[in-house]
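Work through the exercises below with the sequence and coordinates open. Try each task before reading its solution.

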Amino acid sequence: MNIWIFNHHALTPDISGGTRHYDFAKELIKRGHSVTIVASSFHYSKYKEMKEYGDKEYLQENLDGLNFIWIKTPPYFGNGISRVKNMLSYTYKVLNIIPKLHLKDPDIIIGSSVHLFAVYAAYKLSKKYNTPFIMEVRDIWPQTLIDMGISKWHPFIIVLGWLEKYLYKKTDRIISNLPYAFDHIGKFVSKDKFIWISNGVDLDNINYMKKQETDKFTISYTGAIGVANNLALLVDVAERLKDKKDIFFRIVGDGVQKEKLKELVKLKKLKNISIEDPVAKNEVSKILQSSDVLYFNLKDSPVFNYGISSNKLFDYMAFFLSLIIQKKIFYE
């Protein structure tokens, strides 16, 4: 089959962030399918452009047999109106650019949230090419935004609510990485339309190595630096243990809370914690395997009522698997 996946924020392993669809595409290609992923190259947490377009509006790359199409979208920071403009730009350009590329007609089209406008673009193209349409829900919009404190009567929320119900009815199947997403989606569609497919990890990307002994007991976090990740707590722990010279903390990633955390560390004059720039996905295992403890925490929030499927959790578990293998290889 020829499969098209529309994910505004899809990434490749040479860029920091989640690679759900790249990993899925690799497995689909192994099974004889063709896959095209259409994404924007403006990074959702770095808030910067990752590609050079020149005077073009899109780029095409072939990565490990996977056709990747990057759409140029305007910059933004945070979650204001400029981000909405970025979403709408992606949607508009997808609908105008993709039909002009004369790609082989798809057998299935998948539209993936975070935002619903990307899913809407996938639906419109499925109608154009008369092909099955699958909606993937990775964040339940607009409910997630309401749970984060935005009024359900905000005009943007009302529009998203209408679009959500519309797309649920139009899709042939709904898939989600959230195990309890149907508790919400079931208000609008029958259960036979819903399939849970969690995130995962490609063990081929884990380089098994013996941990190098250092004079520091290292506690590390890798991933998004946002409000939900509760990293101020880790800074607080570092402050409480600042006199323990043999313990060191690392926060590796990007996000809207990064500068605030840097200021907090500076204010507390902490020397036992570093806040570092993110690394490419294929470099994460090196950080994990040089650590003694991995930090994973989320604030208690209604946002997580439908479950979690955090990429870092699977990366961490793969690390634990590597420890088991290390023990077998190096110590038995």
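**Exercise 1. The surroundings of a helix**

Which elements do the buried residues of α3 pack against?

Solution. Keep in mind that this is a predicted model.

Step 1. Locate the helix. α3 runs over residues 116–129. Its 14 residues reach 20 Å from the first C-alpha to the last, close to the 20 Å expected at 1.5 Å a residue.

Step 2. Apply the burial cut-off, which is under 20% relative accessible area. By that test 10 of the 14 residues of α3 are buried, and the helix is mostly covered. They are Leu116, Phe117, Ala118, Val119, Ala121, Ala122, Tyr123, Leu125, Ser126 and Tyr129.

Step 3. List what they touch. The buried residues of α3 pack against β1 (2–7), α2 (81–97), β5 (108–112), β6 and α5.

**Exercise 2. One helix pair**

Describe how α3 and α5 pack, from the geometry down to the residue classes.

Solution.

Step 1. Take the axes. Helix α3 and helix α5 (residues 155–170) pack at an angle of about 35°, and their axes are 10 Å apart. The crossing of α3 past α5 is left-handed.

Step 2. Collect the contact residues. From α3 come Leu116, Phe117, Val119, Tyr120 and Tyr123. From α5 come Phe156, Leu160, Leu163, Glu164, Tyr166, Leu167 and Lys170.

Step 3. Recall the helix repeat. An α-helix has 3.6 residues a turn, so residues three or four places apart point the same way.

Step 4. Sort by class. The contact has 10 nonpolar residues, no polar ones and two charged ones.

**Exercise 3. The partner helix**

Which residues of α5 are buried, and what does their cover include?

Solution.

Step 1. Check the span. α5 has 16 residues and reaches 23 Å between its first and last C-alpha, close to the 22 Å expected at 1.5 Å a residue.

Step 2. Pick out the buried positions. These are Ile157, Leu160, Gly161, Leu163, Glu164, Leu167 and Tyr168.

Step 3. Find the cover. It includes α3, β6 (133–137), α4 (143–147), β7 (173–176) and α6 (182–185).

**Exercise 4. Backbone in the loops**

Where do Asp64, Asn130 and Pro142 lie, and what marks the backbone at each?

Solution.

Step 1. Start with Asp64. It sits in the loop between β3 (58–63) and β4. Its phi is near 55°, a positive value in a residue other than glycine. Asp64 is exposed, at 56% relative accessible area.

Step 2. Move to Asn130. It follows α3 and belongs to the loop between α3 and β6. Its phi is positive too, about 50°, although Asn130 is not a glycine. Asn130 is exposed, with a relative accessible area of 72%.

Step 3. Turn to omega. Trp141 and Pro142 are joined by a cis peptide bond, with omega about 5°. Pro142 lies in the loop between β6 and α4.

**Exercise 5. A polar residue in a strand**

Is Asn67 buried or exposed? Which side chain does its own side chain meet in a polar contact?

Solution.

Step 1. Place the residue. Asn67 is in strand β4 (residues 66–71).

Step 2. Compare with the cut-off. Asn67 has a relative accessible area of 16%, so it counts as buried.

Step 3. Gather its contacts. Beyond neighbours within four places in sequence, Asn67 touches Val35, Thr36, Ile37, Gln60, Glu61 and Leu103.

Step 4. Single out the polar contact. The side chains of Asn67 and Thr36 are joined by one of 3.2 Å.

How values were computed
Residues numbered from 1 in each chain as written. Predicted model: local features only at pLDDT ≥ 70, side-chain atom pairs only at ≥ 80, totals over all residues. Heavy atoms only, no water. Helix = DSSP H or I, 4+ residues; strand = E, 2+ residues; numbered from the N terminus. Buried < 20%, exposed > 50% of the residue type's maximum accessible area, 1.4 Å probe, protein only. Polar contact = N/O pair within 3.5 Å; in protein donor to acceptor, adjacent residues only side chain to side chain. Contact = heavy atoms within 4.5 Å. Axes fitted to C-alpha atoms, helices over the stretch in contact; angles between N-to-C directions. Left-handed = near helix turned anticlockwise from the far one by under 90°. Nonpolar A, V, L, I, M, F, W, Y, C, P; charged D, E, K, R; others polar. Expected span 1.5 Å × (residues − 1).
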